[in-house]
Amino acid sequence: MPTLPYQLVAFDMDSTLIQAECIDEIAKEAGVGEQVSAVTEAAMRGELDFAGSLKARVALLKGLDAHVLESVYQRIELMPGAEALFDALQENNIKTAILSGGFVFFAERFADRLGADAYHCNDLQVIDGHLTGKTQGPIVDAQAKADHLIALAKQWEIPLGKTASVGDGANDLKVMAAAGLGIAFCAKPTVQDQADVAVNVKDLTELIPILGLD
């Protein structure tokens, strides 16, 4: 059996593996949807510092009942082709990771559904059943995504040249640069310009031949 070119594929979550930006969906529940969505768009275009913009957006969610997160999760759909792509990756024993500036609450659920091997995301702080308007733990920004990819490759003894990273926003540029192959998926123009490959069809099975799979 020929050796496949990639042994680890890392994915952004929001607008890459799923058809939504989780923070925007939560913000709708808090009545600040338009305000947060505008900041998200600017951050993904690379016009704002990600960590600062994340703190500002999360602060607007203060006081929201944490039960809302489950209803938001229930209405978010996977990107077309996500399950078929992960099936193909798993059949070929390729490791997968979700590296996202989004939130653990959603990533752990989508990782479980897809069978991802690891995930690293931001964690919304909840006290007494309500969002505090803060995250807890280190912020997963562009550099953290790259650092997590490098750490996972080392943990699994995979050369960085045999890793690939898939994303759509400016927050994905560093992890895409660190990987052996950077794939822009329906991405912002600045991301497409810097990626090794750009896919502009909202169907993740388009990645199957790019990753050398049948």
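In these legends, Ala, Val, Leu, Ile, Met, Phe, Trp, Tyr, Cys and Pro count as nonpolar, Asp, Glu, Lys and Arg as charged, and the others, Gly among them, as polar. Please keep in mind as you look around that this is a predicted model.

**The largest pocket, with Ser15, Gln19, Ala20, Glu21 and Lys202 closest to its centre.** The largest pocket has a volume of about 210 Å³. Its lining is made up of 18 residues, and Ser15, Gln19, Ala20, Glu21 and Lys202 are the ones closest to the centre. Two or more lining residues come from each of α1 and α2. Helix α2 gives the largest share of this lining, with five residues. Sorted by the classes above, the lining of the largest pocket holds five nonpolar, five polar and eight charged residues.

**The largest cavity, lined by 18 residues.** The model has two cavities of 30 Å³ or more, and the largest of them encloses about 170 Å³. Look for Glu21, Met44, Phe50, Gly101 and Gly102, the lining residues that lie nearest the centre of the largest cavity. At least two lining residues come from each of α1 (22-30), α2 (33-44), α3 (50-59) and β2 (95-103). Strand β2 has the largest share, with four residues. The lining of the largest cavity comprises six nonpolar, five polar and seven charged residues.

**The second largest cavity, with lining residues from β1 and β5.** About 30 Å³ of space is found in the second largest cavity. Around that space you will meet Ala10, Phe11, Asp12, Leu99, Lys145, Ser165, Val166, Asp172 and Val175. The strands β1 (8-11) and β5 (163-167) each contribute at least two of the lining residues. By class, the lining of the second largest cavity has five nonpolar residues, one polar residue and three charged ones.

**The largest nonpolar core, with 58 residues.** Phe11, Ile26, Phe106, Leu207 and Leu211 have the most contacts inside this core. Helix α6 (residues 104-114) gives the most to the core, with seven residues. A good place to zoom in is Phe106, which touches Met13, Cys22, Ile26, Leu69, Val72, Tyr73 and Ile76 when residues up to four places away in sequence are left out. Another core, of 13 residues, lies apart from the largest one; Ala97, Leu99, Leu152 and Ala153 are among its members. As general background, nonpolar side chains tend to be buried together in soluble globular proteins.

**Asn122, a buried residue in strand β3 (residues 118-127).** Asn122 counts as buried because its relative accessibility is 1%, and the cut-off for buried is under 20%. Which backbone atoms does the side chain of Asn122 reach? One is the backbone oxygen of Gly101, at 2.8 Å, and another is the backbone nitrogen of Val140, at 2.6 Å. Leaving aside neighbours within four places in sequence, Asn122 is in contact with Phe50, Leu54, Ser100, Gly101, Gly102, Phe103, Val104, Pro138, Ile139 and Val140. Of these partners, Phe50, Gly101 and Gly102 also appear among the lining residues nearest the centre of the largest cavity.

**Gly167 in strand β5.** Is Gly167 buried or exposed? Gly167 is buried, because its relative accessible area is 0%. The C-alpha atoms of Gly167 and Phe11 are 6.2 Å apart in space, while the two residues are 156 residues apart in sequence. With residues up to four places away in sequence not counted, Gly167 touches Asp12, Thr16, Asp172, Met176, Ile183, Ala184, Phe185, Ala187 and Val191. Two of these partners, Asp12 and Asp172, belong to the lining of the second largest cavity.

**Asp128 and Cys186, each with a positive phi.** Most residues other than glycine have a negative phi. Asp128 is not a glycine, yet its phi is positive, at about 55 degrees. Asp128 sits in the loop between β3 and β4 (130-136), and it counts as exposed because its relative accessibility is 73%. Cys186 has a positive phi of about 45 degrees, although it is not a glycine either. Cys186 is found in the loop between β6 (181-185) and α9 (189-194). With a relative accessibility of 22%, Cys186 counts as partly exposed, since buried means under 20% and exposed means over 50%.

How values were computed: Residues are numbered from 1 along each chain as its sequence is written. This is a predicted model: local features need pLDDT of at least 70, side-chain atom pairs count only at pLDDT 80 or more; totals for chains, interfaces and linings use all residues. Side-chain values use heavy atoms; hydrogens and water are left out. On a 1 Å grid over the protein atoms alone, a cavity is a set of points where a 1.4 Å probe fits but cannot get out, and a pocket is an open set with protein on both sides within 12 Å along at least five of seven lines; lining residues have an atom within 4 Å of a point. Grid points are joined across faces, edges and corners, and a volume is the space filled by probe spheres set on the points. A nonpolar core is a set of buried Ala, Val, Leu, Ile, Met, Phe, Trp, Tyr and Cys residues joined through side-chain atoms within 4.5 Å. Buried means under 20% relative accessible area, exposed over 50%, partly exposed in between (1.4 Å probe, protein chains only). Contact means heavy atoms within 4.5 Å. A polar contact is a pair of N or O atoms within 3.5 Å; within protein, one must be able to donate a hydrogen and the other to accept it, and residues adjacent in sequence count only if both atoms are side-chain atoms.
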